[in-house]
Amino acid sequence: MATNVLEIDAQRLWQTLERSAEIGRFRDVGLRRLALSGEDREMRDQFVAWAKDAGCTVEIDRLGNIFARRAGSDPSLPPVAIGSHLDTQICGGRYDGILGVLCGLEVVRTLNDRGLATKRGIEVICWTNEEGARFSPPMMGSMAFAGVLQEADVLATTDDAGVTVAEALDAIGYAGPLPLGQRRFDSYLELHIEQAPVLDREGCDIGIVVGGYRTQALKLTIRGDTGHAGGTPMAQRKNALVGAGYVIAAVNDIGLAYAADEGRTTTTRIESFPNLPGTYAEEVRLTIDFRHIELARFEAMRRDVDAAIAAAAKKANVEIDVAEGWSWGTELFAPECIDLLRTTAQELGLPYREMRSQAGHDAYAVATMAPTAMIFTPCHEGISHNVNENIELVRSVPGANLLLNAAVARANR
Ligand SMILES: [Zn+2]
């Protein structure tokens, strides 16, 4: 690292991460901290307490998005925002999203240590329900903030137990007063673990994320009829679960067929009715998604998926309705922010590579409102959405220092 540049306090960052790792601990090394759960409340309370201790003003919007602002010397200027999420998957890790929010906090703490004022404020954001593990879709808080989702729809969304987002927000005390989306940002920077193995394998500690893979989710409803598992002749059945089986296998084969150029397909969720012994299935719902870095190949994947669904319907003698779910990745991040990250990394003497994100991130939503870019840091073998997700502090600090110095440069613009 060159001299005369700011450096975060790595040990303090690690202790902060370790404190977070106590909240919602699951299977010894992981986290289960579902959005708007009691564990999420405990983590939010801890974050708010840390932010206030660091002198931040904390505001909360109607969807529980938390904005912790360190004031700038010119309050008329929009702040530089740094954000990510503190919720996790059901079998989640300790760093997905969390590292980004806590690096934002560490930026504020470092500036406090040095007594440094910035012209623009720095705002650390915790977005509600990025994971979509309890309430669908993912990136709910940021997408609603950006106006991609409607507030009323989001508040009425239920989890599998029938609890609405509005009820869950009330229950944990995070239904804030701020209207959605009425904040301006000078820029938005998000640091995140890569969740893929590229940086780890290459021994590179920083990914400058220039944009995302194209991603499309499809919601399938497979309709047959139900009947006796013994008595109904095989040829007469319209077994929705059999249709689902053909779809699941075919979708996976499509992913394998596109794997050489990094295509991805996944059936992520299945719901079957009546889902009981003694019967075959009347209705099955599937959620699938597919991703590709290249538009032409992405569109080819879509055609293959559509053809596979039609073939599965015919073979299983069922009807399949296809509705489009969430999509993202069309946004290329802002050249001015990408350039800032490049030049800052060069000034700091930090090696980096440029890359595209395969995963969804809150940054895609914010990118529709403010100049945005992302920093990736390595995670062990790319393992994520798994309790064994792991990072090394020494390989995370370069990205955190890049975030710090880039944010300060932008804040003093
Ligand atoms: Zn995440």
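User: In this predicted model, in which loop is Ala359 placed, and is Ala359 buried or exposed?
Analyst: Ala359 sits in the loop between strand E13 (353-357) and helix H11 (362-366). Its relative accessibility is 17%. Since residues under 20% are classed as buried, Ala359 counts as buried.

User: What distance separates the C-alpha atoms of Ala359 and Arg214?
Analyst: Along the chain, Ala359 and Arg214 are 145 residues apart. In space, the separation of their C-alpha atoms is 9.6 Å.

User: Which protein atoms are the donors of the zinc ion, and what spacing do the donors follow along the chain?
Analyst: The zinc ion has as protein donors His85 (NE2), Asp96 (OD) and His192 (NE2), at 1.9 to 2.2 Å from the ion. Along the chain, these donors follow the spacing H-x10-D-x95-H.

User: How many residues apart are His85 and His192, and are they buried or exposed?
Analyst: His85 belongs to strand E5 (residues 80-85) and His192 to strand E7 (residues 187-193), so that the pair links distant parts of the chain. Both His85 and His192 are buried. Their separation along the chain is 107 residues.

User: Where does the largest pocket lie with respect to domain 1 and domain 2?
Analyst: The largest pocket has a volume of about 1300 Å³. Strands E9 (214-223), E10 (264-273), E11 (283-292) and E12 (319-328) each give two or more residues to its lining. Because domain 1 (10-213 + 330-411) and domain 2 (214-328) both give residues to this lining, the pocket lies between them.

User: How do the lining residues of the largest pocket divide, and which of them lie nearest its centre?
Analyst: The lining of the largest pocket holds 44 residues. They divide into 15 nonpolar, 15 polar and 14 charged. Nearest the centre of the pocket lie Gln89, Glu131, Gly132, Thr268 and Trp326.

User: Which side chains of strand E3 (residues 57-60) are buried?
Analyst: In a regular strand, side chains alternate between the two faces of the sheet. Strand E3 shows this alternation, with Thr57 and Glu59 pointing to one face and not buried. The side chains that point to the other face and are buried are those of Val58 and Ile60.

User: In what sense do E3 and strand E4 (residues 66-70) pair, and which residue of E4 is the bridge partner of Val58?
Analyst: E3 and E4 pair over four bridges, in the antiparallel sense. Within E4, the bridge partner of Val58 is Ala68.

User: What phi does Gly64 take in the hairpin of E3 and E4?
Analyst: Five residues lie between the two strands of this hairpin. Gly64 takes a positive phi there, near 80°.

User: Where do Arg27 and Asp28 lie, and what is the phi of each?
Analyst: Most residues other than glycine have a negative phi. Arg27 lies in the loop between strand E1 (25-26) and strand E2 (30-31), and Asp28 is also found in the loop between E1 and E2. Arg27 is exposed at a relative accessible area of 56%, and Asp28 is exposed at 61%. Phi is positive in both, near 50° for Arg27 and near 70° for Asp28.

User: Where are Pro137 and Pro274, and what is omega for the cis peptide bonds that lead to them?
Analyst: Most peptide bonds are trans. Pro137 lies in the loop between strand E6 (122-127) and helix H4 (140-145), and Pro274 in the loop between E10 and E11. For the cis bond from Ser136 to Pro137, omega is near 5°; for the cis bond from Phe273 to Pro274, omega is near 0°.

How values were computed. Residues numbered from 1 in each chain as written. Heavy atoms only, no water. Buried < 20%, exposed > 50% of the residue type's maximum accessible area, 1.4 Å probe, protein only. Pairing = 2+ DSSP bridges. 1 Å grid on protein atoms, 1.4 Å probe; cavity = no way out; pocket = protein on both sides within 12 Å on 5 of 7 lines; lining within 4 Å. Points joined across faces, edges and corners; volume = space filled by probe spheres on them. Nonpolar A, V, L, I, M, F, W, Y, C, P; charged D, E, K, R; others polar. Domains from an automatic or database assignment. Donors = N, O, S within 2.8 Å, 3.2 Å for Na, K, Ca; no water.
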